[in-house]
Each structure stands twice: as structure tokens, then as C-alpha cells.
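Let's take a walk through a protein model together. Have a look at the picture first, and then we'll go from the hollow spots inside to the overall layout and one particular residue.

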Amino acid sequence: MVKRTDVRTARRPARGRLGWNLLGLLVFATAGFPVYWMLNTAFKPARDAIDPDPHFFPRTLTVENFSRALDVADFWGPVGRSLAVSLAVVAVGIAVGMLAALAISRFAFRGRKVVIVGILAVQMVPLVAMIIPVFLLLNDLGQYDRLTGLIITYLTFVLPFTVWTLRGFIVNIPRELEEAAMVDGCTRAGAFLRVVFPLLAPGMVATSVYAFIQAWNEYLYALMLMSQQNQTATVWLGNFTTKHGTEYAPMMAGATMMAVPIVILFLLVQRKMAAGLTAGAVKG
């Protein structure tokens, strides 16, 4: 015969899971509603986008806003420039950040703690506080209104993030794996390439995605450092705000098109964005 206490004990975990599930649904709804409203506004007629009595579901669907977004100004030029800048920032940031993170994680050298504190301090500096120094520096170097100058600027805040994130992944890879490979005849570089690098790949993918998003979504420096002819995709969205007001429906259509590369990137690398592949690799 089952006791009442056993039944109550069995119900408590079920209630706990139900509560966490409801909380998860609430968080998902809160985070996903802006995305839904962007899509809702992008596919509804322009007059419905400024209706004082908005509807949760669009009454009619149209793709006219996307045509309008493409006609306002050159779309593929800014998108191509944003894509080139973001990919360059990710490539350089991952290459340099991985080497820096490896040095900080595996080697003891004088000033190591100062470097770590400096990386954290740089991340705490507001980007708006560096606009004037960055502008003056790029102007002196002849990199104002150039994509190379914008790439260098983005690396100033992407690199600290990359180094700190990759350091966390490298620290979680046991040293014993490298030592075992070196005992078997590998050099330190060979042990890194054959043992550490494959285990670090998921962390590099995750870091690359977030670095790409940071560079892709950046607006302030792209606005201040690039001219109208070399504007990026985020600045391109500003064309929908004029002295007569804001065209919300075409703007949301443009934002939807800008989100497509990020969605595609996530779909391509979602299987690699898992950490902890070294769990159980070393026993004891």
C-alpha cells in the first residue's frame, strides 16, 4: 500500500518541473515577442503599421514593404560591406584571440595577472567614450572612411571578448591530454594542433558567432567613421527615418532581411555550439 507521504514526495518534483517549464515559456515569450512583432510589422500593409489600434495578428499579408526597403537605397552594398567587415573581424579576432588565450591559460609569465585585469578593464569601458580618440587616430593613420579602419576599430572591443571567452574553454581542457601527447612524441605545437585544437573547436565556433553578431549589429562607430557611400547595413536602416517621420513597415522589412545572415549562421553551426566535449576524457 502506497503511503500518502510517498505520493506527496512524488508530486513535488513534478510541480517543480512544471514551475520551471512555465518560467522557461515566460522567458521565451518575452525574448521572442520583439522578433515576432518585427515580422508582423514587416508583412503587414504600411497603413496598419501605424494604426493606433494594433492587431496581434496581421489581417492581410504583403511583401510590398520589402520592395520598398530595397528601393529606398542600395541594400546589397551595405550588406556586403557589413558581411566583409564582420568576417574579417571574426577571422582576425579568433586567430589572435586563440593565441593570446593559450598564452594566458598555459604559460606563467611576468605580468600575466595584469594582462587578465587589463582585458576585463577594456570590456568595461563604454564604447561611446572612445569615439573621439578613435576618430583622431584613424584620421592620422589615413584609415578614416575605410573598411580596414572599421575592422581595426571593431577588433578593439571584439578581441578582449574573444580572449576572455576562449581562455575559459582552454582552462577546461585538462593539461594531462597535452602531456600524454608529448610523452608519445608530439611537440608542444603538435599536441595543441592534434589534441587541444579539436576539443577547442566548439568554443571557437561559439565565440565566432558572438563576435560576428557584435560586428554585424554595431551602429555607432559605423555611423561616425563611415560616409554615406561606405555605410554598413545598420546605418542603412537609418534611411527610413526622415524629417517626415519613420516608415516602420519598410524599416522592419529591412531589419528582417538583415537578420537572415545571423539566422543562417546559427543554423549552420548550432551543432557545434556545445561545450564540455572533454567530459570524461581524463579519468581520475
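A cavity is a set of grid points where a 1.4 Å probe fits but cannot get out. Keep in mind that what you're looking at is a predicted model. So how many cavities of 30 Å³ or more does the structure hold? There are two of them.

Start with the largest cavity, which has about 50 Å³ of space in it. Which residues line this spot? Going along the sequence, you meet Lys 44, Asp 48, Asp 51 and Asp 53, then Pro 54, His 55, Phe 57, Pro 58 and Arg 59. Sort that lining by class and you get five charged residues, three nonpolar ones and one polar one.

Now hop over to the second largest cavity, with about 40 Å³ of space. Its lining is made up of Ser 82, Val 85, Ser 86, Leu 150, Tyr 154, Ala 215, Trp 216, Glu 218, Thr 232 and Thr 234. Three elements each give two or more residues to this lining: α4 (76-106), α7 (147-171) and α9 (188-217). Helix α4 provides the largest share, with three residues. By class, the lining of this second largest cavity has five nonpolar residues, four polar ones and one charged one.

Time to step back and take in the whole chain. What does its secondary structure come to? You can find 12 helices and two strands. If you trace the chain along the sequence, you pass eleven α entries in the pattern α-α-α-α-α-α-α-α-α-α-α-β-β-α before the two β entries, and a final α closes it. The chain has 284 residues, and 34% of them count as buried. On the outside, the chain exposes about 17,500 Å², with carbon and sulfur atoms supplying 67% of that area.

How does the chain meet itself? Take the contacts in the chain with a separation of 6 or more: residues 24 or more positions apart account for 72% of them.

Let's finish with a single residue, Glu 178, which you'll find in helix α8 (residues 175-183). Is Glu 178 buried or exposed? Glu 178 counts as buried because its relative accessibility is 7%, and the cut-off for buried is under 20%. And what is Glu 178 in contact with, leaving aside its neighbours within four places in sequence? Look for Arg 106, Ala 191 and Val 196.

Note on methods:
Residues numbered from 1 in each chain as written. Predicted model: local features only at pLDDT ≥ 70, side-chain atom pairs only at ≥ 80, totals over all residues. Heavy atoms only, no water. Helix = DSSP H or I, 4+ residues; strand = E, 2+ residues; numbered from the N terminus. Buried < 20%, exposed > 50% of the residue type's maximum accessible area, 1.4 Å probe, protein only. Contact = heavy atoms within 4.5 Å. Areas by Shrake-Rupley, 256 points an atom, 1.4 Å probe, with all protein chains shown as cover. 1 Å grid on protein atoms, 1.4 Å probe; cavity = no way out; pocket = protein on both sides within 12 Å on 5 of 7 lines; lining within 4 Å. Points joined across faces, edges and corners; volume = space filled by probe spheres on them. Nonpolar A, V, L, I, M, F, W, Y, C, P; charged D, E, K, R; others polar.
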